[in-house]
Amino acid sequence: MAYKLYYYDGRGYAEPIRMILSYGGVDFEDIRAPMFPIPQPLPADIKAKSTWGQVPFIEFDGKKLNQSLAITRYFAKKFDLVGSNEFEAAQCDEYVDTVVDYVKAWFPLVMEQDAEKLKKMEEEVTKSSREKYLSKFNAIILENGGQFLVGKKMTWADIYFAQALNNGELIHGTKFTEEYPGLKAMYDNVFNTPAIKKWVKGRPSTKF
Ligand SMILES: N[C@@H](CCC(=O)N[C@@H](CS)C(=O)NCC(=O)O)C(=O)O
């Protein structure tokens, strides 16, 4: 089956999808619209194809699916990454939604041009991230045996969170995994998974 994934030329909302497709051994066409200068309008043909005028969306088997989390969850289910029962699947949803909140707190930094203001924003969001999210996620992983957020095997919640932490390293230079052993173990599990490791090694190098 031919899969066509549309997004900008960046990791962003599409990267967890790309990682999960790679994990599932799926070949996909990785269609990337130019991203710079930001904000870069979507090419008209891509915008017109997307149901809601946005990316990411994916086409396969005569079908089209939009909205990043719907797409990511669909493939997570397909490749057995949603835990072992309905409750674990709901825990995955909870943690992914929380990672989305965590990532959103960092968005304003990307557009800030003033170096002084940026430094102050970085200090504030780093502090609030540690308190609100990172220490809690770390505790959840440690209480769960020290390897995974949910259950006893990797889920899409691990992939989604590890990707967000990796994005933070690449964009902001944060290395939160060095501070939290649970986060580090979870992150290493994801990025040492052979198919994901191969995807990351070969993926285009982009700023965002
Ligand atoms: N809720 C949507 C948000 C998608 C979104 O904001 N996409 C942006 C790129 S990150 C976009 O398509 N921007 C171009 C536009 O809105 O014209 C999702 O999760 O997929």
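In the predicted model described here, T193 lies in the loop that runs between helix α7 (181-191) and helix α8. With a relative accessible area of 15%, T193 falls under the 20% limit and is therefore classed as buried. The C-alpha atom of T193 is separated by 34 Å from that of K49, a residue that stands 144 positions away along the chain. T206 belongs to the segment that follows α8 (194-202), and, because its relative accessibility is 16%, T206 likewise counts as buried. The side chain of T206 places a polar atom 3.0 Å from the backbone oxygen of F208.

The ligand occupies the largest pocket of the model. Its surroundings are formed by Y7, Y8, Y13, L42, K47, G53, Q54, V55, P56, Q67 and S68, and, sorted by class, this shell comprises six nonpolar residues, four polar residues and one charged residue. Three of the surrounding residues place polar atoms at short listed distances from the ligand, and these are described in turn. Q54 contributes a polar side-chain atom that lies 3.0 Å from an oxygen atom of the ligand, whereas S68 contributes a polar side-chain atom that lies 2.6 Å from a ligand oxygen. At V55 the backbone is involved instead, with an N or O atom of the main chain lying 2.8 Å from a nitrogen atom of the ligand. Taken on its own, the ligand has 510 Å² of accessible area, of which the protein covers 69%.The backbone geometry around the ligand shell also merits description. V55 and P56, both of which are among the residues surrounding the ligand, are joined by a cis peptide bond with an omega of about 5 degrees, and P56 is placed in the loop between α2 and β3. A cis peptide bond also joins I38 and P39, where omega is about -5 degrees; P39 is located in the loop that connects β2 (28-33) with α2 (44-49). Most peptide bonds are trans, and most residues other than glycine have a negative phi.

With regard to phi, D61 has a positive value, near 50 degrees, although this residue is not a glycine. D61 is situated in the loop between β3 and β4 (63-66), and its relative accessibility of 49% means that it is counted as partly exposed. A positive phi, of about 60 degrees, is likewise found at D80, which is not a glycine either. The position of D80 is in the loop between α3 (68-78) and α4 (86-111), and D80 is assigned to the partly exposed class because its relative accessibility is 46%.

The loop between β2 and α2 also contains P37. The relative accessible area of P37 is 61%, which is over the 50% limit, so P37 is classed as exposed. From the C-alpha atom of P37 to that of A162, a residue 125 positions away along the chain, the separation is 27 Å.

E59 forms part of strand β3, which spans residues 57-60. Because its relative accessibility is 18%, under the limit of 20%, E59 is counted as buried. Between E59 and Y3 the C-alpha to C-alpha distance is 5.8 Å, while 56 residues set them apart in sequence. A157, for its part, is found in helix α6, which covers residues 156-172, and its relative accessible area of 1% is under the 20% limit, so that A157 is assigned to the buried class. The C-alpha atoms of A157 and A115 are separated by 33 Å, with their positions 42 residues apart along the chain.

Terms used: Residues numbered from 1 in each chain as written. Predicted model: local features only at pLDDT ≥ 70, side-chain atom pairs only at ≥ 80, totals over all residues. Heavy atoms only, no water. Near = heavy atom within 4 Å. Polar contact = N/O pair within 3.5 Å; in protein donor to acceptor, adjacent residues only side chain to side chain. Areas by Shrake-Rupley, 256 points an atom, 1.4 Å probe, with all protein chains shown as cover. 1 Å grid on protein atoms, 1.4 Å probe; cavity = no way out; pocket = protein on both sides within 12 Å on 5 of 7 lines; lining within 4 Å. Sits in = over half its atoms within 2 Å of the grid points. Nonpolar A, V, L, I, M, F, W, Y, C, P; charged D, E, K, R; others polar. Helix = DSSP H or I, 4+ residues; strand = E, 2+ residues; numbered from the N terminus. Buried < 20%, exposed > 50% of the residue type's maximum accessible area, 1.4 Å probe, protein only.
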